[in-house]
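Got your viewer open? Load the model and follow along, one selection at a time.

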Amino acid sequence: MLEGCIMERLFALVGCIFALTSVVIGAFGAHFLSSRLNATSLLTLETAVRYQMYHGLALFFVVYALGRWPGTVTLLPGWFFVAGTMLFSGSLYILVATGQRWMGMITPIGGILLILGWLALGLNLMKA
């Protein structure tokens, strides 16, 4: 029980951090980088920010589901969302900041983890 409570707090904290940093990075991009980046890089940055926010909020739903259906909903969706967001959005941020195109090869791995997170969450909810 204590472990579940700690994990719920961890996922909520990470969700807050993801949401906070997506707002900060989005604002930085809109106000500071818009004149310094080309349209493709700005669109890439917007995609990274959007997916980070969505999955920061998704972590709050994981926390809700863990509390609402304990023992049925597992921690797996949360971990998929955390790792997927870090790889997906993180690789896009690095790509925009450095221009290192090879970072784009990491992005689909993050995307797959995000998909697995939604799949795992859906399957867990069907069991609940």
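A definition to start with: a residue counts as buried under 20% relative accessible area, as exposed over 50%, and as partly exposed in between. Keep that scale handy, because Glu 46, with a relative accessible area of 46%, lands in the partly exposed class. We'll come back to that residue shortly. Bear in mind that this is a predicted model.

**Stop 1: the whole chain.** Switch to cartoon view. You'll find 4 helices and 0 strands, so reading from the N terminus the elements go α-α-α-α. The C-alpha trace spans about 50 × 25 × 20 Å along its principal axes. Of the 128 residues, 39% are buried. Among contacts with a separation of 6 or more, 74% are between residues 24 or more positions apart.

**Stop 2: the salt bridge.** Now select Arg 50 and Glu 46 and show their side chains. They meet in a salt bridge, at 3.4 Å from N to O, and the structure holds 1 such bridge. Side chains of opposite charge can pair when their charged atoms come close. Why does this pair sit about one helical turn apart? Because Arg 50 and Glu 46 are 4 residues apart in helix α2, which covers residues 39-68. Arg 50 is partly exposed, at 30% relative accessibility, and Glu 46 is partly exposed too, at 46%.

**Stop 3: Ser 89.** Move along to helix α3, residues 76-98, and pick out Ser 89. Is Ser 89 buried or exposed? Its relative accessible area is 1%, so Ser 89 counts as buried. To see what surrounds this serine, add Ala 48, Tyr 51, Gln 52 and Gly 84 to the selection: Ser 89 touches each of them, leaving aside residues up to four places away in sequence.

**Stop 4: a nonpolar patch.** Turn on the surface and select Ile 112, Leu 116, Leu 119, Leu 123 and Met 126. Together these residues make a nonpolar surface patch of about 510 Å². If you want to place the patch on the cartoon, use Leu 119, which is in helix α4, residues 107-127.

**Last stop: the full surface.** Leave the surface on, clear the selection and colour by element. What share of the accessible surface belongs to carbon and sulfur atoms? It's 74%, out of an accessible surface of about 7,400 Å² for the protein chain.

Methods:
Residues are numbered from 1 along each chain as its sequence is written. This is a predicted model: local features need pLDDT of at least 70, side-chain atom pairs count only at pLDDT 80 or more; totals for chains, interfaces and linings use all residues. Side-chain values use heavy atoms; hydrogens and water are left out. Helices (H or I, at least four residues) and strands (E, at least two) are DSSP runs, numbered from the N terminus. Buried means under 20% relative accessible area, exposed over 50%, partly exposed in between (1.4 Å probe, protein chains only). Contact means heavy atoms within 4.5 Å. Patches are made of residues with over 30% relative accessible area and no salt bridge: like charges are joined within 9 Å, nonpolar side chains (Val, Leu, Ile, Met, Phe, Trp, Tyr) within 5 Å. Accessible areas come from the Shrake-Rupley method with a 1.4 Å probe; for residues, only the protein chains shown count as cover. A salt bridge is a side-chain nitrogen of Lys or Arg within 4 Å of a carboxyl oxygen of Asp or Glu.
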